[in-house]
Amino acid sequence: MNDIVLNDTSSANWTKNAQAWYSNNIGGPNEWGFRGFLDGQGHTVSGLYVNGGNSSGLFTQICGGTISNLGIVNSYVKGTNAVGAFVGTFGNYNGKSSALNNCFADGTVTVEGAYVGGLVGYASGKMQKNYLLYLFGYIPNFYMVLCKIK
């Protein structure tokens, strides 16, 4: 499996002509969120460009799902509320916790409203062995294990 390149980020103003990623395609607003298991096997997604609304990121929502061993690099993620490179809203589903394990993000994450983080915008769940450029937004009842700031 190869790394995924969504947009060419070689120019300084790459976001001007970038193809937008619509995270509603994964864990969109009419669903309960991503509930599966994704193992990136140490690969990266680069050139992620999101200019969205609420719950913006590679995933809109993760509710009871797990993402492991994946990086997001050279990215630009912007939204209104709950904005993170991996996921806008991260939580539980029917008692099953979400998990983000051994993941990292490198890029720009901005919010126009509230709740922003490098990996996750708004969270209640468990994350282990992750590293990031930014700290998390609003995190009720949350703990992190072995995380470092790059």
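These are my notebook entries on strand β5 and its neighbours in a predicted model.

**Overall layout.** I started with the whole chain and found 13 strands and 0 helices. Reading along the sequence, I met nothing but β in the pattern. The protein has 150 residues, and 45% of them count as buried. I then looked at contacts with a separation of 6 or more, and 73% of these come from residues 24 or more positions apart. For the accessible surface I noted about 7500 Å², with 48% belonging to carbon and sulfur atoms.

**Thr66.** Next I picked Thr66, which lies in strand β5, residues 66-79. Is Thr66 buried or exposed? I put it down as buried, because its relative accessibility is 14%, below the 20% cut-off. Beyond its neighbours within four places in sequence, I listed contacts of Thr66 with Phe34, Gly36, Phe37, Leu38, Ala99 and Asn101.

**The rest of β5.** I checked the cover along the strand, and 10 of the 14 residues of β5 are buried.

**Partners of β5.** Which strands pair with β5? I went through them in turn.

- Strand β2 (residues 37-46) runs parallel to β5, and 7 bridges join them; here I found His43 opposite Leu70.
- Strand β3 (residues 49-51) pairs with β5 in the parallel sense over 3 bridges, with Val50 partnered by Val77.
- Strand β7 (residues 99-101) is also parallel to β5, over 3 bridges, and Leu100 is the bridge partner of Ile67.
- Strand β8 (residues 104-111) pairs with β5 in the parallel sense over 8 bridges, where Val77 is matched with Val109.

**A last note on Val77.** I came across Val77 twice, as bridge partner of Val50 in β3 and of Val109 in β8.

Technical notes: Residues numbered from 1 in each chain as written. Predicted model: local features only at pLDDT ≥ 70, side-chain atom pairs only at ≥ 80, totals over all residues. Heavy atoms only, no water. Helix = DSSP H or I, 4+ residues; strand = E, 2+ residues; numbered from the N terminus. Buried < 20%, exposed > 50% of the residue type's maximum accessible area, 1.4 Å probe, protein only. Contact = heavy atoms within 4.5 Å. Areas by Shrake-Rupley, 256 points an atom, 1.4 Å probe, with all protein chains shown as cover. Pairing = 2+ DSSP bridges.
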